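Trainee: Before I rely on any label attached to this structure, I would like to hear how each one is justified. Could we go through the labels one at a time?

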Amino acid sequence: MPRKARMTGTQKRDICIAVFLLACLLAAVLITVSLSGREGAAGEDSALHVDSMTYGDLVITEVCAKNKAVIPDENGVFSDYIEIYNKGGARNLSGYALTDEEDYTKVKYVFGDVTLEEGQYLVVFLDGRTVPFRLSAAGNEKITLLTPERNVSAAVTTVPMAADQVMLYDGEAYHLTDAASPGHPNTDEGRGAFLESRIDEDTAIVVNELLLACDETAYGGALRDVIELMNVTGDAVSTEGWYISDSMDNPYKYALPAVTLESGECLVLYADSAAGDGYHTGFSLAQDEFVYLATPAHKFSRAVTAASAGRGMS
């Protein structure tokens with residue numbers, strides 16, 4: 001009987017290496033498929049597969065179902081909102097209607113005498129009062145804009161949204177993003193214009209000084225970042241309802257202590273998370289970073305830190 005050929009040590013090693021490389025290749029393929037699937041579900045650049053329709057020139061271009069800090073209404077209240085864009089000629093919305101009912105004949109709100117010019121945006125706050133319905137952040141709600149004859153003009157079904165996320169329409173599809181731009185085009189330029197529209201440099205209290213890594217005895221004798229605010233009016237001003245932050249994406253990070261500042265009086269904040277005496281914002285400063293001071297009317301003054309950190313620099 002012929003003997004079976006026995007594999008040499010070199011052959012065994014080569015087979016083991018080949019099996020190992022094949023396993024690595026399969027693992028890489030599986031990981032790539034998994035990551036691409038996750039990006040398709042939650043990536044900002046991936047189109048949402050939602051039910052939507054537009055008949056005519058009025059388009060629902062933005063939807064926010066959990067507006068915590070994007071934009072307040074005229075009363076300073078953060079309500080759910082939608083944005084309607086007119087891509088055609090001037091249109092009077094009198095008689096147009098909104099509903100969140102699947103049966104769109106059950107009208108919830110009828111517009112009054114409002115004219116949208118060509119290329120103009122209208123932000124409609126769904127506050128549950130003036131417009132008597134709100135949206136659920138869980139999604140799966142259909143918002144329908146109806147003509148005066150109660151035909152569908154535009155409609156979109158929402159998806160789950162986290163706080164301050166929005167569904168943006170780019171002319172072809174809806175996208176889920178944090179880059180809200182109510183009242184402005186859904187572009188990077190529109191986002192920038194929206195943020196600029198919320199800046200008001202003429203506020204009663206301003207950021208008077210920013211100090212990076214300050215160790216001056218006047219500020220506690222320890223190495224720390226310092227924000228100094230000042231009342232620049234001729235009257236006493238309360239800080240109740242004011243906030244400060246290092247990000248416009250989260251402009252209400254730290255609520256100022258409710259104190260009264262006399263004319264020209266300053267309030268010192270420590271930009272750190274330390275405990276102890278004084279007021280600590282919970283965030284630190286960085287080079288070339290903007291700091292935003294929010295007024296009770298939800299407008300913002302803005303200041304920038306020093307170009308390079310140093311002791312006592314401002």
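Mentor: What follows is a set of questions about labels, each answered by setting a value against its cut-off. Keep in mind throughout that this is a predicted model.

Trainee: What makes the contact between Asp57 and Arg91 a salt bridge?

Mentor: The side chains of Asp57 and Arg91 meet at 3.6 Å, N to O, and the rule asks for a side-chain nitrogen of Lys or Arg within 4 Å of a carboxyl oxygen of Asp or Glu, so the pair qualifies. Asp57 lies in the loop between β1 (52-54) and β2 (58-64), whereas Arg91 belongs to strand β4 (residues 91-92), so the pair ties together parts that are 34 residues apart in sequence.

Trainee: Are Asp57 and Arg91 buried, exposed or partly exposed, and how do you know?

Mentor: Buried means under 20% relative accessible area and exposed means over 50%. Asp57 has 26% and Arg91 has 25%, and because both values fall between those limits, each residue is called partly exposed.

Trainee: Which label does each partner receive in the salt bridge of Asp246 with Lys253, and why?

Mentor: The N to O distance for Asp246 and Lys253 is 2.6 Å, which is within the 4 Å that the rule allows. Asp246 has a relative accessibility of 16%, and because this is under 20%, Asp246 counts as buried. Lys253, at 38%, is in between the two limits and therefore counts as partly exposed.

Trainee: How do you know that Glu101 and Lys108 form a salt bridge, and which residues make up the network they belong to?

Mentor: The side chains of Glu101 and Lys108 meet at 3.5 Å, N to O, again within the 4 Å cut-off. The network of salt bridges links Asp100, Glu101 and Lys108. Glu101 is partly exposed at 28%, and Lys108 is partly exposed at 29%. By this rule the count comes to 7 salt bridges.

Trainee: Why are β16 and β20 called paired strands?

Mentor: Two strands pair if at least two bridges are found between them, and β16 (residues 243-245) and β20 (residues 290-294) have 3 bridges in the antiparallel sense, so the condition is met. Within this pairing, Tyr243 has Ala294 of β20 as its bridge partner. These strands sit in an open sheet of 4 strands, in the order β17-β16-β20-β21, with antiparallel pairing.

Trainee: What makes β17 and β21 edge strands?

Mentor: Each of them, β17 (254-255) and β21 (300-304), pairs on one side only.

Trainee: What does Val110 touch, and where does Val110 lie?

Mentor: Val110 has its place in strand β6 (residues 109-110). Leaving aside residues up to four places away in sequence, Val110 touches Gly95, Tyr96, Ala97 and Arg150, where a contact requires heavy atoms within 4.5 Å. Val110 and Gly95 are 15 residues apart in sequence, while their C-alpha atoms are 5.9 Å apart in space. With 41% relative accessibility, Val110 is partly exposed, because this value is not over 50%.

Trainee: What lines the largest pocket?

Mentor: The largest pocket has a volume of about 350 Å³, and of its 15 lining residues the closest to the centre are Glu74, Val123, Val124, Phe125 and Thr130. Strand β8 (residues 121-126) gives the largest share of the lining, 4 residues. By residue class, the lining divides into 8 nonpolar, 3 polar and 4 charged.

Terms used. Residues numbered from 1 in each chain as written. Predicted model: local features only at pLDDT ≥ 70, side-chain atom pairs only at ≥ 80, totals over all residues. Heavy atoms only, no water. Helix = DSSP H or I, 4+ residues; strand = E, 2+ residues; numbered from the N terminus. Buried < 20%, exposed > 50% of the residue type's maximum accessible area, 1.4 Å probe, protein only. 1 Å grid on protein atoms, 1.4 Å probe; cavity = no way out; pocket = protein on both sides within 12 Å on 5 of 7 lines; lining within 4 Å. Points joined across faces, edges and corners; volume = space filled by probe spheres on them. Nonpolar A, V, L, I, M, F, W, Y, C, P; charged D, E, K, R; others polar.
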